[in-house]
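Subject: Structure handover

Hello,

Here is the structure you were going to look through. Please open it next to this email and follow along; the notes come after it.

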Amino acid sequence: MNKTPIDLLRDVFGFDSFLGQQSQVIDAVLNGQDAMVLMPTGGGKSLCYQIPAMLGTGTGMVVSPLIALMQDQVSALREVGIRATFLNSTLNAKRQRQVFEQLEAGELDLLYLAPERLVQADTLDRLTALNWSVIAIDEAHCVSQWGHDFRHDYLSLGQLRERFPGVARIALTATATMATRNDIVERLQLDHPAWFVSSFDRPNIRYQVDIKTDSRVQLKHFLAAHRGHAGIVYCLSRKKTEEIAAWLVGEGVDALPYHAGLDADVRAANQSRFINEDAVVMVATIAFGMGIDKPDVRFVAHLDLPKNIESYYQETGRAGRDGEPADAYMVYGLQDVVRLGQMVEQSEASGEHKQSQRSKLDAVLGWCEVTTCRRRHLLAYLGEKTDADCGNCDICLVPPETWDGTVAAQKLLSAVYRTGQRFGAAHLINVLRGADTDKIRQHGHDNLSVYGIGRDRDMMQWRSVLRQLVVRGYLRSDHTRYGAYVLTDSSRPLLVGEETLLLRNDPERKRGGKKARRVAPELSDEDIPLWEELRACRKRLADEHNVPPYVIFHDSTLKAMLKARPTTEDELLAINGVGQTKLERYGDDFLAAIALAPASE
């Protein structure tokens with residue numbers, strides 16, 4: 001009897017039904033149609049090409065950008081009985097010959113390789129002569145100049161259309177604006193692709209943005225709710241990742257750094273610990289994260305402002321892939337705004353691309369300052385409209401106060417103008433507050449009409465006003481003047497009283513971490529021994545098979561075992577996530593663990 005997609009889903013992967021549009025994508029690819037697939041992280045994109053590869057005639061080819069992650073992906077597939085391997089520079093000549101021999105003999109379901117290896121002339125010639133069932137281009141946003149992670153190696157993938165005529169190609173990504181989507185289709189030369197755009201909403205993720213005061217103190221308070229949880233802390237610079245990781249270790253957190261400047265062996269070892277252990281916190285630049293399949297990451301924290309919303313969405317999407325509650329936390333401040341603006345202006349990008357970068361930065365700044373449901377604004381940027389507030393972001397939970405900041409804004413804009421548009425934040429605020437400094441006396445600014453007119457507000461309040469004026473486009477930081485603030489065309493109507501301005505009132509955050517949201521099952525005293533035994537069984541098997549624990553079973557599957565307490569193979573097979581292969585490999589171990597546990601009340 002011929003296998004169907006649902007047969008493979010149940011027998012191999014252990015799930016009863018497809019999620020979202022998975023089934024429709026699989027049908028389109030099996031019918032030979034190209035496809036453009038947007039699914040959020042954790043939405044099950046991989047099944048959209050894995051199942052067609054197993055059902056089709058030939059091997060499935062998966063183009064993936066990160067060599068370091070191919071081994072993990074292939075190991076996970078082999079654990080469920082899928083014949084998969086990879087072809088990259090880590091293999092010696094003998095092993096590479098063996099891979100081609102397996103391909104030629106039709107002994108592989110899936111082959112993973114990086115784009116730069118695929119388009120090498122000798123590799124491409126050999127692959128062209130073989131039989132392929134589907135070609136998947138993962139992280140397809142990397143091909144677009146308008147995407148958030150453009151990679152030059154992806155540009156050559158358009159030739160796959162001519163090299164592999166008649167083979168369905170499927171482009172997959174978790175994040176892409178409409179401009180990026182269209183660019184992907186054009187650059188990959190997809191033929192009249194079927195479009196599958198799933199909801200970008202990740203309702204289990206709680207979004208929170210705080211104004212940066214002391215980022216270390218703020219992170220410490222945030223992490224108080226995540227003791228014993230795996231998470232990622234993103235920083236903008238390599239130096240900062242190492243400093244924050246070292247500081248967290250001193251605070252009793254099992255933290256590791258990760259950035260492109262570290263020795264390759266150190267990076268690999270740190271990544272391995274993060275993937276294979278339960279409670280490691282990775283402090284990283286954006287060099288870390290793409291393709292990370294770890295399902296139980298409970299939080300992602302940003303200590304610096306991301307460059308655009310797409311990057312932020314992609315990075316925060318690495319939390320809560322298992323559907324359990326997770327947190328996305330970010331602190332940002334005026335210096336982030338200035339620094340990223342300078343990075344854009346000083347980049348060697350073309351004028352058109354630089355303008356795109358400015359627009360993306362403006363969008364993420366605006367998102368930080370919104371006063372209504374944060375999730376609705378995030379989804380709207382990604383092209384998805386929703387009319388309901390989410391109830392699970394900082395703004396829904398604690399709506400911000402606003403105040404009429406028109407007069408305060410006029411005072412600050414006047415100070416910028418009167419001082420010659422030549423100074424940074426500290427000096428401008430000192431002038432407004434009537435401070436007695438050498439710099440003020442040197443320039444005679446104590447004789448200006450704006451000197452001392454802002455004594456009614458403290459330093460932090462004025463920095464808040466300044467930050468919001470920059471975000472809203474009334475001021476900009478001029479990198480040609482060493483970051484001095486200058487007026488924009490938009491400032492005149494506000495200065496002369498032709499418009500009013502409502503500003504956010506930055507709340508004073510209470511010290512101390514918020515109460516942790518439980519992410520493990522609510523366990524009775526009787527359940528705790530079995531829960532720990534199931535986790536110990538999983539870890540032992542993971543070590544034996546040299547794979548991460550989640551490859552054996554996700555937490556959700558262990559929770560189902562805890563609730564159902566199966567005593568037979570059929571009962572265990574009925575649990576979501578337990579397929580036939582995993583039943584044969586691990587079933588006896590887990591049934592034995594359950595049998596030894598005392599009966600629940």
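Which residue follows H9, and what is the sign of its phi? The residue is Gln189, and its phi is positive, near 55°. Please keep in mind throughout that this is a predicted model.

Helix H9

H9 covers residues 178–188. Its buried residues are Thr180, Arg181, Asp183, Ile184, Val185 and Leu188. What do these buried residues pack against? Their partners are strands: S1, S5 (132–137), S6 and S7 (194–197). For the spacing of such residues, one general point helps: an α-helix has 3.6 residues a turn, so residues three or four places apart point the same way.

Salt bridges

Side chains of opposite charge can pair when their charged atoms come close. In this model there are 37 salt bridges. Three pairs and one network are described here.

Start with Arg169 and Asp34, which form a salt bridge whose closest N and O atoms are 3.1 Å apart. Arg169 belongs to strand S6 (residues 169–173), while Asp34 sits in the loop between helix H2 (22–30) and strand S1 (35–38), so the pair ties together parts that are 135 residues apart in sequence. Are these two residues buried or exposed? Both Arg169 and Asp34 are buried. S1 and S6 have already come up above, as two of the strands that the buried residues of H9 pack against.

The next pair is Asp11 with Lys3, where the closest N and O atoms are 2.9 Å apart. Why does Asp11 count as partly exposed? Its relative accessibility is 33%, and partly exposed is the class between 20% and 50%. Lys3 is also partly exposed, because its relative accessible area is 46%.

The third pair is Glu104 and Arg126, whose side chains meet in a salt bridge at 3.4 Å, N to O. This pair links distant parts of the chain, with Glu104 in helix H5 (residues 93–104) and Arg126 in helix H7 (residues 121–128), 22 residues apart. Arg126 has a relative accessibility of 40% and therefore counts as partly exposed.

Salt bridges can also join up. Lys212, Lys240, Asp304, Asp336 and Arg339 are linked in a network of them.

Helix pairs

How do H15 and H16 cross? The axes of H15 (residues 351–368) and H16 (residues 374–381) come within 10 Å, and the crossing angle is roughly 160°. Angles over 145 degrees count as roughly antiparallel, and H15 and H16 are therefore roughly antiparallel to each other. The crossing is right-handed. On the H15 side the contact is made by Lys360, Ala363, Trp367 and Cys368, and on the H16 side by Arg374, His377, Leu378 and Tyr381. Sorted by class, this contact has five nonpolar, one polar and two charged residues.

The other pair to look at is H10 (residues 215–223) and H11 (residues 238–250), whose axes come within 12 Å and cross at roughly 50°. That angle makes H10 oblique to H11. Here too, H10 passes H11 in a right-handed crossing. Arg216, Leu219, Lys220 and Leu223 of H10 meet Glu243, Ile244, Trp247 and Leu248 of H11. By class, the contact of H10 with H11 has five nonpolar, no polar and three charged residues.

Regards

Technical notes. Residues numbered from 1 in each chain as written. Predicted model: local features only at pLDDT ≥ 70, side-chain atom pairs only at ≥ 80, totals over all residues. Heavy atoms only, no water. Salt bridge = Lys/Arg side-chain N within 4 Å of Asp/Glu carboxyl O. Buried < 20%, exposed > 50% of the residue type's maximum accessible area, 1.4 Å probe, protein only. Helix = DSSP H or I, 4+ residues; strand = E, 2+ residues; numbered from the N terminus. Axes fitted to C-alpha atoms, helices over the stretch in contact; angles between N-to-C directions. Parallel < 35°, antiparallel > 145°, perpendicular 65-115°, else oblique. Left-handed = near helix turned anticlockwise from the far one by under 90°. Contact = heavy atoms within 4.5 Å. Nonpolar A, V, L, I, M, F, W, Y, C, P; charged D, E, K, R; others polar.
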